Amino acid sequence: MPEGHLVHRYAREQHAALAGQVLAASSPQGRLDTGPYDGRRLRAVEAYGKHLLYHVDDAPALHVHLGMRGLFLRHDDPAVPPRGGVRLRLAGAGVAYDLIAPIRCEPLPGDGERALRASLGPDPLRADADAEEAVRRLGAARGAVGAALLDQAVWAGLGNAWRAELLFLAGLDPDARAVGPAPARRLWELAVGYLALGRDAGQVVSDPAAPDERWVYKRPTCRRCGARVRTWQLGGRTAYACPVDQPAA
Ligand SMILES: [Zn+2]
């Protein structure tokens, strides 16, 4: 699943390529009415957690969630015919983006946009994220910290790979409960720093010296100490942790 770093990467690239332009919007697959968007000016492309919002003049925000398999294809020639199954094509001068297999691609009227924003916790990649609120929400979360990190109402944007790697970097057991303000703040600062590296690199980065490596995520052994990585189900996904570097609280 594309986690927040990739969604922010898409937003940044598409904003740079299309913002300020009059869009040609179409749905080759026919499953979206692009009438409100075609021929109107795109003001901004915004990422919030794993959600994308396209802000277009005189139209409701266009909401996209990629889900497990959604992706964008970029074409340098906006006239290139779309392949089958393209939900949405957004084209400007010299570039087009084709959206394939999202779980959401829908106009979001004002109340829907407010509800979406209200449903999301602080996003470590947003400049307006409130670090104290992030610490408060993590501390107030019931259950294991590893489950809370996947809850988009606690922090927005993290998925399973970031959960595993950030908890490793923080030295926290995913099963730990009632995380205090100091470790919560440390974890938030790690998320802010590493997700930005991931956005810029286009992949999860948990060791800048070895950007293609992971510490524990989907590894049989810990890359730091060699201990066998522990795996179990937590919050509906497989948790990965090193029993040495992330001792039980
Ligand atoms: Zn280890």
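Two strands count as paired if DSSP finds at least two bridges between them. The views below come from a predicted model.

**View 1. Strands S6 and S7 form a hairpin.** Two residues, 2 in number, lie between the strands. Gly94 sits in the turn, with a positive phi of about 75°. S6 covers residues 86–92, and 6 bridges join this strand to S7. The two run antiparallel. Ala91 stands opposite Ala96 of S7.

**View 2. Strand S7 is mostly covered.** This strand spans residues 95–100, and 6 of its 6 residues are buried. Which residues point one way from S7, and which the other way? Val95, Tyr97 and Leu99 point one way. Ala96, Asp98 and Ile100 point the other way. Both sets are buried. S5 (residues 71–75) also pairs with S7, in the antiparallel sense, over 5 bridges. Here Arg74 stands opposite Tyr97.

**View 3. An open sheet of 4 strands has the order S1-S6-S7-S5.** Pairing is antiparallel. Strands of a sheet pair through backbone hydrogen bonds, either parallel or antiparallel. The edge strands are S1 (24–26) and S5, and each pairs on one side only. Neighbouring strands are turned by 15° against each other on average, direction ignored. S1 and S6 pair over 3 bridges, in the antiparallel sense. Arg89 in S6 is the bridge partner of Ser26. Helix H1 (residues 4–18) packs on this sheet and touches S5, S6 and S7. The direction of H1 makes about 145° with that of S7.

**View 4. A further open sheet of 4 strands has the order S2-S3-S4-S8.** Its pairing is antiparallel. The edge strands are S2 (42–48) and S8 (104–108), each paired on one side only. The twist averages 20° from one strand to the next. S3 (residues 51–56) and S4 (residues 61–65) run antiparallel and are joined by 4 bridges. Within this pair, Leu62 in S4 is the bridge partner of Tyr54. H1 packs on this sheet too, touching S2 and S3. The direction of H1 makes about 170° with that of S2. Helix H2 (residues 110–119) also packs here, touching S2, S3, S4 and S8. Its direction makes about 150° with that of S3.

**View 5. Helix H6 covers residues 181–201.** At 1.5 Å a residue, its 21 residues should span 30 Å. The end C-alpha atoms are 30 Å apart, which agrees. Which residues of H6 are buried? They are Ala184, Leu187, Trp188, Leu190, Ala191, Tyr194, Leu195, Ala196, Gly198 and Arg199. What covers them includes H1, H3 (131–140), H4 (145–148) and H5 (160–170). Gly202 follows H6, and its phi is positive, near 80°.

**View 6. Helices H1 and H6 cross at roughly 55°.** Two packed helices are described by the angle between their axes and the distance between the axes. The axes of H1 and H6 come within 8 Å and cross at roughly 55°. That angle makes H1 oblique to H6. The crossing is right-handed. On the H1 side, the contact is made by His5, His8, Arg9 and Arg12. On the H6 side, Leu195, Gly198, Arg199, Asp200 and Ala201 make the contact. Among these H6 residues, Leu195, Gly198 and Arg199 are buried.

Terms used
Residues numbered from 1 in each chain as written. Predicted model: local features only at pLDDT ≥ 70, side-chain atom pairs only at ≥ 80, totals over all residues. Heavy atoms only, no water. Buried < 20%, exposed > 50% of the residue type's maximum accessible area, 1.4 Å probe, protein only. Axes fitted to C-alpha atoms, helices over the stretch in contact; angles between N-to-C directions. Contact = heavy atoms within 4.5 Å. Expected span 1.5 Å × (residues − 1). Parallel < 35°, antiparallel > 145°, perpendicular 65-115°, else oblique. Left-handed = near helix turned anticlockwise from the far one by under 90°.
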